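Dear colleague,

Please find below the structure that I am handing over to you. My findings follow it, and I would ask you to read them with the structure open.

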Amino acid sequence: MLPSIRSAITGAAKYHPEKIVTNQDLSQSVETSDEWIQTRTGIKERRQVKKGQAASDLAVLAIEKVLKKTQTNVLDIDLIIVGTVTPDMMFPSTACVIQNKIGAKNAWGFDLSAACSGFLFSLGTADQFIRSGRSKKALVVGVDVMSSIIDPQDRNTCVLFGDGAGVVLLEPLPDGLQLGILDFIHHIDGSGGELLCMPGGGSLNPTTPETIEKKMHVVHQEGKQVFKFAVGEMARVSEEILERNGFKPEDVTLFVPHQANLRIIESCQKKLGLPNEKVMVNIDKFANTTSATIPSCLAMAAKEGRIKKGDLVLLASFGAGFTWGATLLRWAY
Ligand code: UT7
């Protein structure tokens, strides 16, 4: 039986820290060049937090904007889900820190770890709480401070990532309106775990002087292998979700892919046969902000008028784990 309510994004906002780090800046500290970074990744610059600024701080700045835009009373928020791999600390969860900072006294919530798919997995999870009637106003956050887990001396990774936050407000709408989240598909495949990971600091490798010496507390990536999986799976899952909902790529108003590499985005775009104006890109300005890429793209697209009420929007992600997925929705405002 079809559910009588759907969940819909009724507001979106983003926050990126003010400090800009250009490719030129990075070429002062590692052997790289603006030309290499731009041609291999599409990245021109990224943002970086100031000392002491944590994931919760970025998230709160985005949340304040979305609450204001949607004229939402923070006391009406009943659920906070935070997709992140760079929580303020191992525990308490960043959801608890955020709940306290914004004064969402009637909310519960948790962090969700799915790396670059963190936002999509969080959105799908919140969707289930809204559809079941257990949540009426959920904040779904994607936030990462990648500069906190990157080795600034490793040119394989330090050029790729940035810091940022995005958030959406998710609310119930009557199913008959045909707006909101239509479907999602999520996948994990742990066999790819070692290709993109941070091995230190957990229960397997608790922090010791030796783990620090071995640089186990920073991101390690086998870029080429991850690239291959990302290109194949993101396109496949996008085609699958369109097909099983009776849509063709040309029905999509905006494709919002995870922003890891412009070449990955363009390859998916080509497989789906979409023109440039139907593909959201902000990797040039913000690099890969992990969980924050998709919600920040949504906030930008809505602000720039690239998506309007009723438009079909396709979201797709791929990240460490491996984790990947797609979400199909009709924009609701
Ligand atoms: O968001 C989560 C999922 N992550 C991804 O989707 C990332 C997927 N991977 C990628 O985006 C790409 O693989 C990278 C951008 C990470 C690397 O691009 P690539 O075209 O696969 O380059 P590569 O790793 O094969 O490296 C090519 C060359 C190497 O030199 P040799 O061995 O050919 O002499 C690297 O050492 O480029 C070198 N290289 C660099 N040169 C200048 C690697 N990083 C840099 C750099 N500057 N920053």
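In this predicted model, the side chain of Trp36 places an N or O atom 3.3 Å from a nitrogen atom of the ligand. Two other side chains face oxygen atoms of the ligand. For Arg40, a polar side-chain atom lies 2.8 Å from an oxygen atom of the ligand. For Asn288, the distance from a polar side-chain atom to a ligand oxygen atom is 2.7 Å. How much of the ligand's accessible area does the protein cover? On its own the ligand has 970 Å² of accessible area, and the protein covers 75% of it.

The ligand takes up the space of the second largest pocket. Four elements each give two or more residues to the shell around the ligand: helix H2 (34-41), helix H6 (155-158), helix H8 (223-244) and helix H9 (262-272). Of these, H8 gives the most, with four residues.

There are 23 residues around the ligand, and those that come nearest are Thr32, Arg40, Lys224, Asn261 and Asn288. Arg40 and Asn288 thus appear both in this group and in the contacts described above. By character, the shell consists of 10 nonpolar, eight polar and five charged residues. Which domains supply residues to the shell? Both domain 1 (5-177) and domain 2 (180-330) do, with at least three residues from each.

I also wish to draw your attention to some features of the backbone. The peptide bond that runs from Phe91 to Pro92 is cis, and its omega is near 0 degrees. Pro92 belongs to the loop between strand E4 (79-83) and helix H4 (94-102). A further cis peptide bond joins Gly321 to Phe322, with omega near -5 degrees. Here Phe322 is part of the loop between strand E12 (312-319) and strand E13 (323-330).

Finally, please look at Gln71, which is found in the loop between helix H3 (55-69) and E4. Its phi is near 50 degrees, which is a positive value in a residue other than glycine.

Yours sincerely

How values were computed: Residues numbered from 1 in each chain as written. Predicted model: local features only at pLDDT ≥ 70, side-chain atom pairs only at ≥ 80, totals over all residues. Heavy atoms only, no water. Near = heavy atom within 4 Å. Polar contact = N/O pair within 3.5 Å; in protein donor to acceptor, adjacent residues only side chain to side chain. Areas by Shrake-Rupley, 256 points an atom, 1.4 Å probe, with all protein chains shown as cover. 1 Å grid on protein atoms, 1.4 Å probe; cavity = no way out; pocket = protein on both sides within 12 Å on 5 of 7 lines; lining within 4 Å. Sits in = over half its atoms within 2 Å of the grid points. Nonpolar A, V, L, I, M, F, W, Y, C, P; charged D, E, K, R; others polar. Domains from an automatic or database assignment.
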